[in-house]
Every structure is written in structure tokens, then in C-alpha cells.
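User: Hi, could you walk me through this structure before I set up my calculations? I'd like to start with the metal site and then move on.

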Amino acid sequence: MGAEDIISDAAGAISADRFVEIDYDEVIPNNVALGSDRQIQRALEGWRPKYLDWWSGMGPIGYQTSEVYLRTAVGVDPGGWAKFAYVKMPSYRWGILLAPKVEGRTIPFGRHKGEPAWQEVPGEHRALLRRLIVVQGDTEPASVEQQRFLGATAPSLYDMRNLFQVNVEEGRHLWAMVYLLVKYFGRDGREEAEALLERQSGQLDNPRILGAFNERTPDWLSFFMFTFFTDRDGKMQLAALAESGFDPLSRTCRFMLTEEAHHMFVGETGVQRTIEATCAAMVKAGIKDPNDVEAVRKLGVVDLPLLQRKLNFHASVTRDLFGSEISSNAAEAFGSGIKGRFNEANLKGDDHVLADATYPVARVVDGKLVEEQAPALRALNSRLLDDFIADCQGGIDRWNRSIEKAGVAFKFVQPHKGFNRRIGEFAGKRISPAGEVLTEDEWQARSGDWLPNDADMAFISSLMKPCHEPGKYASWIAAPRVGVDNKPGDFEYVKIY
Ligand SMILES: [Fe+2]
Ligand SMILES: [Fe+2]
């Protein structure tokens, strides 16, 4: 499909009267007055066909001509920023949207605390800032690539639509980072923008930058766990960057967070609905013991111990994304006012400079788990990871409440921070989910109980049969409580052509 078709198609899909803040007459919808910035506009218009090639080559397999009931951002006002309509994915209006500028905003932390926020890149911090934007940008297309096979096995049209919504928004997040690179980093930025379309998830020669974004997302349970855990890493990173003294980055990330909430919703409710289907089937069949795996699997639902193993895997792989607990790069990013802590501007009780502060960091010393006070500046990754783990717990508690409500005796638990880690303090250590330090032999003997094994993955894969009839759901997942945009239960979220 040529660029002309894409533009006219999309114009038909979105009604013009809602475009309050964003100019959708432009090739690239935006609220950054791109039209008055010819050079940047030309650079982005030059990147756009390459992006569309990447989308058609590496985006969702199939369904590219289907009409998908998607939301598109039409403003940045929290009260009403999205519009729902049927859209063919290649015609989605990927735009550049920044949250409104806060007049008089100052840098909330670090050495430059209290100085006016930067509207241009501060020369001394240029390399670090570029790196952070590239690493964030790289995760966006990576997850689209990881999820590209899932459409064919969607357990319902509702779920298929949610998958594609997440995918197009990750595409928009890539646009958001590319805008910053092209606008503020000159030729280097343009080269980075190209490279973001060249690396590929899981490819050996030119993989995505971070480990978890090279893992496979082979099935829908993996997708839900990924959006629950890994998109939540995205939330934590975006929230830390939203505090940045570099104002365009802050404003970009603030708007991305609005979209990110939906991705985590898809993950949390996806697992929740899987749990509901399992518990309902167990109750109906009179199965009391959640560990009677064979009997549970015969019902065409996912046993709870297997869900716990999936949780253990995704939690631990995602925790590695936070990097080394003790990190001089993190200290530098904070000290220089580029990346704050979660919720930085609203944190009470410290000076936001942290020159003399300490933070407790868990580590293994002489074969024992201990907690040591580390300089707070160097322990910022550790702190963000702790905030992440606390943020995950809310959703896990909600999962546990629905198990309890069904009268099934089972409870999900987050594994210990050191379990199955490859990066940071616990890399090379063997720690059980309960937090015991193990020998290599003990780990080899027991880790099969803690991480999904081949039989688990084969069972999950046997459940992945498409269910593409409006209002119908695969055996292993319950219907959602409410439809997207309050649509009725039998709404045709994807018109498959
Ligand atoms: Fe994203
Ligand atoms: Fe996301």
C-alpha cells in the first residue's frame, strides 16, 4: 500500500471534528508544530516509509487488511484523549504527541536541582541522554516483533483486538523516541533512528539491546505475563524518564504512560481471566486439589502451579531489565538530572540530591543473603526494581482474591528478587523462589519445579486454538467483565478479511 492510500484511508477512519489539539491533516499527526519545523519534518517523512516497511515485514503476521476496532490518540487531555474506530493497522495514525508543557518547570533532582528544565540537550549530558532514549526506543519495536505470531491463535476477537492495540501503540512509542532522536541529536540521531528498524528481536547478528526483548513470546499466556511484567518495566522506566530535566523527554514519556496503562491492564486481566476459567472448571468438576494437574489439564484449562511457574519466569527475566543493582551509570543519570526515581517530584523526606544518603541492597556474601547499606546514588537501579516489585504485587493480590473467592486453596507468590537472575548482584548465584541460596546441584534438581518445563510449554501450546467467532472465548479463558469502549459481549472487535 502506498503512502497516499494510507493517508486517505486513515482520514476516513477518524472523524475530523475531534481533532482539537493534534493536526491530522499532516502526513505525521502531531502536537509539536512539525509543520513549522521543515527540516525535522522532512527527516521524519523520510523515515516514515522505512517504518511502514518494518511494520509490514516485522509487525503482526496476517490481519493487516482486517478492520480492527482501535483507539487512536486525538489529544493529550487526560479526560478525553482517545477515539475508537475501525482501522486497518497499516493505516493507523502513528503520531507524535507530547504532554502539555508545564510553565516554569524546574529540574526536580540531581546536581541541577531547581534550575529551569532544559528545552535543548545539555551538551555535557548528550551521550548519556542519547543512549537512554535509544535503549527505551529499542524496546518498543522489539515487543511488536516478539508478538507478531499471536494473531492466528487469539482466544477471542476481543483479545486479538487488545493485542493489536498494544502493537500499534508500541509502534507509536517508537515514533515518540525517534522524534526526540531526529529533532535533538542531528545526524547521530538520524542514524540511531535507522538502526532502531534494523535490529531484530532474537536475531543473532543484530539483536535487540536488552535480553528480555530477545525472548520468544510463543503463546498467549506468555503475552499476558509479558504485558503484566515487562510492560510494567516500561512503565517504571518511562516514569523515571518523565522526571527528566530534559523537558521534551519528560513530556514525551508522560503521554506514553497514558497508553502504557492499557498494556498492563491487558496483562493483568488476561491472567485474571485465565485464573477464572481454571477455578470455574475445577469447581464444576469437583476438583479440590490445585496440584491435581492431570485432572485440571483434562478440562482444557491451565493449572495454577503452571501459572506460578510462568509468573516466576517472566518476573525474573523482567527484573534483569533494571540492570545492575549497583550502577555508576544510574548514579550519573540521576546526578546529571536526566533520569529520576519513580515518582521523584512527589517523593517526600529527602533532598533529591542523595549525596550522603544510603539505600539497603540485597546481595549474597559468603553464601548467605544479606542486606547492606549502599550509597543511594549508586543503588538507584536497585530502588527502581524494589518499586517495580511493589507495583507488581497489587495485581498479584487481585489474582489471589479471585482464587480465594472461588474457594480454591492456592496463592501466587512473587519469587525472591535473586531467583533466576542473569544480571546484577544475583547473576551466577542460585537462589530458590523462597530465597534460599542453593548449590548448583540443588538448583539442577529443583529448578524444573519453579520454571516452565517442556511439558508445560507443550500443554500451553496445545490450548492455543483460535477462537474467532464474536462473543466466543477459548476454553482456557473467561470472557471479560466489560467490553472495550463499553461494547456489548458479541461485538465484532476484528472484522477479518
Ligand atoms: Fe511502549
Ligand atoms: Fe507497552
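Analyst: Happy to; here is a short tour of the metal site, a few helices and some aromatic pairs. This is a predicted model, where local features need pLDDT of at least 70, side-chain atom pairs count only at pLDDT 80 or more, and totals for chains, interfaces and linings use all residues. Residues are numbered from 1 along each chain as its sequence is written, chains are lettered from A and ligands numbered from 1 in the order in which they are written, and side-chain values use heavy atoms, with hydrogens and water left out.

User: Great. Which protein donors does the iron ion (ligand 2) have?

Analyst: E170 (OE), D231 (OD), E260 (OE) and H263 (ND1), lying 2.0 to 2.2 Å from the iron ion (ligand 2). Donors here are N, O and S atoms within 2.8 Å of the metal (3.2 Å for Na, K and Ca); water is not among the atoms, so sites may look incomplete.

User: And what are the angles among the four donor atoms?

Analyst: They run from 89 to 171°, and the site is irregular. Four donors count as tetrahedral if all angles lie between 85 and 135 degrees; four count as square planar and six as octahedral if opposite donors are over 155 degrees apart and all others between 65 and 115; anything else is irregular.

User: How far apart are the two iron ions, ligand 1 and ligand 2?

Analyst: They are 3.5 Å apart, and E170 coordinates both. E170 sits in helix 4 (residues 157-184) and E260 in helix 7 (residues 247-285), so this pair ties together parts that are 90 residues apart in sequence. Helices (H or I, at least four residues) and strands (E, at least two) are DSSP runs, numbered from the N terminus.

User: Is E170 buried or exposed?

Analyst: Buried, with a relative accessible area of 3%, and E260 is buried with 3% as well. Buried means under 20% relative accessible area, exposed over 50%, and partly exposed in between (1.4 Å probe, protein chains only).

User: Staying with helix 7, what does S250 touch?

Analyst: Leaving aside neighbours within four places in sequence, S250 is in contact (heavy atoms within 4.5 Å) with R105, L241, A242 and S244. S250 lies in helix 7 and is buried at 0% relative accessibility.

User: Switching topic: how many aromatic pairs are there?

Analyst: The structure holds 30. In one of them, Y69 and Y86 have ring centres 5.4 Å apart and planes at 65°, so that pair is edge-to-face. Rings of Phe, Tyr and Trp (its six-membered ring) pair if their centres lie within 6.5 Å; planes under 30 degrees apart count as stacked, over 60 as edge-to-face and the rest as tilted.

User: Where do Y69 and Y86 lie?

Analyst: Y69 is in strand 1 (residues 67-73) and Y86 in strand 2 (residues 82-88), so the pair ties together parts 17 residues apart in sequence. Y69 is buried at 7% relative accessibility, while Y86 is partly exposed at 23%.

User: What kind of pair do F224 and W476 form?

Analyst: A tilted one, 6.4 Å centre to centre with 50° between the planes. F224 lies in helix 6 (residues 220-242) and W476 in the loop between helix 13 (454-463) and strand 5 (494-495), so this pair ties together parts that are 252 residues apart in sequence. Both F224 and W476 are buried.

User: Last one: how many residues of helix 9 are buried?

Analyst: 15 of its 16 residues, so to speak mostly covered. D303 caps the N-terminal end of helix 9, with a side-chain oxygen 3.1 Å from the backbone nitrogen of L306.

Technical notes: A polar contact is a pair of N or O atoms within 3.5 Å; within protein, one must be able to donate a hydrogen and the other to accept it, and residues adjacent in sequence count only if both atoms are side-chain atoms.
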